[in-house]
Amino acid sequence: MSSNFNLAKNRLKGLASRFRKDNSLYENYTRVLDSQLTDGIIESVNTENLNQNLIYYMPHHPIIRNDKETTKFRIVYDASSKEKNCFSLNDNLKAGPNLNPNLLILLLKFRKGLVFDVEKAFLQIVLAEEDRDCQRFLWSDNFPPNN
């Protein structure tokens, strides 16, 4: 993978432009990121002694679904983003077998109403310390930036 810092930075500038137009979007975004930081889902980066060759920045954007009962707002990280003629993080990942059970069969086994919450299901995967620099995203506490 090559550096995609500029791509991620440009997408963040676009997001900042949306924040300037809609302060509630910024407030929701900050609330979700603060919650993820508190829950240990994301972490602040220590910029000392990093191997700059292993860093990949995932651009991110909001998904707003007012028609949903539970999760109306979530942040999506784009691991498919890449510079022209380069590879993305997704391009470099080995696809393994689908380990998720067939949901229909699982529900039919219960034969009763089933209520469960899969909120943050994909955010609960712990990454090895040496792989974390390949899953970064840009953010600043000084938002929305003017430049």
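1. Order of elements. Read from the N terminus, the chain runs α-α-β-β-α-α. That is 4 helices and 2 strands, taken as DSSP runs numbered from the N terminus, with H or I over at least four residues for a helix and E over at least two for a strand. The model is predicted: local features need pLDDT of at least 70, side-chain atom pairs count only at pLDDT 80 or more, and totals for chains, interfaces and linings use all residues. Residues are numbered from 1 along each chain as its sequence is written, and side-chain values use heavy atoms, with hydrogens and water left out.

2. Burial and contact range. The chain has 147 residues, and 23% of them are buried. Buried means under 20% relative accessible area, exposed means over 50%, and partly exposed is in between (1.4 Å probe, protein chains only). Of the contacts (heavy atoms within 4.5 Å) with a separation of 6 or more, 68% are between residues 24 or more positions apart.

3. Helix 1. This helix has 17 residues and spans 25 Å from first C-alpha to last, close to the 24 Å expected at 1.5 Å a residue; the expected span is 1.5 Å times one less than the number of residues. Its buried residues are L7, A8, L12, L15, A16 and F19, and they pack against helix 2 and strand 1 (60-64). G14 is also in helix 1, but at 37% relative accessibility it counts as partly exposed. The C-alpha atoms of G14 and H61 are separated by 9.6 Å, with their positions 47 residues apart along the chain.

4. Helix 1 against helix 2. Two packed helices are described by the angle between their axes and the distance between the axes. Here the axes of helix 1 (residues 5-21) and helix 2 (residues 23-38) come within 5 Å and cross at roughly 120°. The axes are lines fitted to C-alpha atoms, for helices over the stretch in contact, and angles run from 0 to 180 degrees between N-to-C directions. The two helices are therefore oblique to each other; under 35 degrees would count as roughly parallel, over 145 as roughly antiparallel and 65 to 115 as roughly perpendicular, with the rest oblique. Helix 1 contributes L15, R18, F19 and K21 to the contact, and helix 2 contributes N23, L25, Y26 and Y29. By class, the contact has 5 nonpolar, 1 polar and 2 charged residues. Ala, Val, Leu, Ile, Met, Phe, Trp, Tyr, Cys and Pro count as nonpolar, Asp, Glu, Lys and Arg as charged, and the others, Gly among them, as polar.

5. Nonpolar cores. A nonpolar core is a set of buried Ala, Val, Leu, Ile, Met, Phe, Trp, Tyr and Cys residues joined through side-chain atoms within 4.5 Å. The largest has 15 residues, of which F19, Y29, F73 and I75 touch the most other members. Helix 1, helix 2 and strand 2 (73-77) each supply at least two residues of this core, and the largest share, 5 residues, comes from helix 2. Apart from it lies another core, of 5 residues, including Y56, A79, L89 and C134. Which residues does Y29 touch, not counting those up to four places away in sequence? They are L15, F19, H60, H61, P62, F73, I75 and W139.

6. A79. This residue sits in the loop between strand 2 and helix 3 and counts as buried at 13% relative accessibility. Beyond four places in sequence, A79 touches Y56, M58, S88, L89 and N90. The C-alpha atoms of A79 and L89 are 5.4 Å apart, at 10 residues apart in sequence.

7. N4 and Y57. N4 is in the segment before helix 1 and is buried, at 1% relative accessibility. Leaving aside neighbours within four places in sequence, N4 contacts Y56, Y57, P59, S81 and E83. Y57, in the loop between helix 2 and strand 1, is buried with a relative accessible area of 12%. With the same neighbours left aside, Y57 is in contact with N4, F5, A8, S81, R136, F137 and L138. Y57 and A79 are 8.2 Å apart, C-alpha to C-alpha, and 22 residues apart in sequence.

8. N85. Is N85 buried or exposed? At 76% relative accessibility, N85 counts as exposed. N85 lies in the loop between strand 2 and helix 3 (89-92), and has a positive phi of about 60° although it is not a glycine.
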